[in-house]
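Work through the exercises below with the model open. Each task is followed by a stepwise solution.

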Amino acid sequence: MTPISFSLCVYCGSRSGNNPEFADLARQVGRWIGEHGGQLVYGGGRSGLMGILADAALDAGARVIGVIPKALVEKEYAHTGCTELHIVETMHERKRIMAEHADAFLALPGGIGTLEEFFEVWTWRQLGYHDKPVGLLNLNGFYDSLLVFLQSAVGSGFMNDWQMGLIRTGSDAPLLMQALVQAAGTTAPDVQLDQI
Ligand code: AMP
């Protein structure tokens, strides 16, 4: 078996959004992981961006680990084509297994599930529960208003710049993924961090 060069956990919508650019992004991310010898860890569904991401990664030769709670197997159409599909009892178990298998985390556009997962790995990072890089893919300003809100929370004294500095944001998927993988200390092509 060829060793994997990195393992990226990707959170994204169980819906596809109303603009084809979201699906294109999920495809680009999945393809990039496969083309760079990586492993995708994700929520194990076939629905929405999740399914598009996993199919693109598999098509590009990536190992794909899907982790899905038993109760969501039908709702999110568990992806039986995954290299490894873990059907687990609870959402907590899902998130723990996903985090354990990841070198870095990346959130694409999505809804409250995606946001919850992103905020959880970010808060775990600030507490020192892990030291893995966390990224937010801000495609065409999708997360602009969230980032403005977070800055306003800094301004209000509930957050600080150090916490904001724990996440990497960017709109260019390959550059952001390279930066995350490099920060994780796993093998990846060189990247100009000042481009992020
Ligand atoms: P969404 O962004 O809402 O479309 O959800 C994306 C993924 O997040 C789906 O696989 C959901 O099952 C998952 N999800 C939903 N709620 C939660 C939660 N509380 N914790 C973790 N993941 C969740």
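**Exercise 1: Ligand contacts**

Task: find which side chains and backbone atoms make polar contacts with the ligand (a polar contact is a pair of N or O atoms within 3.5 Å).

Solution.
- Step 1. Start at Ser14: a polar side-chain atom of this residue is 2.6 Å from an oxygen atom of the ligand.
- Step 2. Go to Gly113. Here a backbone N or O atom lies 2.9 Å from an oxygen atom of the ligand.
- Step 3. Turn to Lys95, where a polar side-chain atom is 3.4 Å from a nitrogen atom of the ligand.
- Step 4. Check the cover. The ligand taken alone exposes 490 Å², and the protein buries 80% of that (Shrake-Rupley areas, 1.4 Å probe).

This is a predicted model: local features need pLDDT of at least 70, side-chain atom pairs count only at pLDDT 80 or more, and totals for chains, interfaces and linings use all residues. Residues are numbered from 1 along each chain as its sequence is written, and side-chain values use heavy atoms, without hydrogens and water.

**Exercise 2: The shell**

Task: describe the residues around the ligand (a heavy atom within 4 Å of it).

Solution.
- Step 1. The shell holds 16 residues; Ser14, Glu76, Gly111, Thr114 and Glu116 come nearest.
- Step 2. Sort by class: 5 are nonpolar, 6 polar and 5 charged. Gly counts as polar, Cys as nonpolar, and Asp, Glu, Lys and Arg as charged.
- Step 3. Sort by element (helices are DSSP runs of H or I, at least four residues). The helix α4 contributes the most to the shell, 5 residues.

Methods
A residue is near a molecule or strand if one of its heavy atoms lies within 4 Å of it. A polar contact is a pair of N or O atoms within 3.5 Å; within protein, one must be able to donate a hydrogen and the other to accept it, and residues adjacent in sequence count only if both atoms are side-chain atoms. Helices (H or I, at least four residues) and strands (E, at least two) are DSSP runs, numbered from the N terminus.
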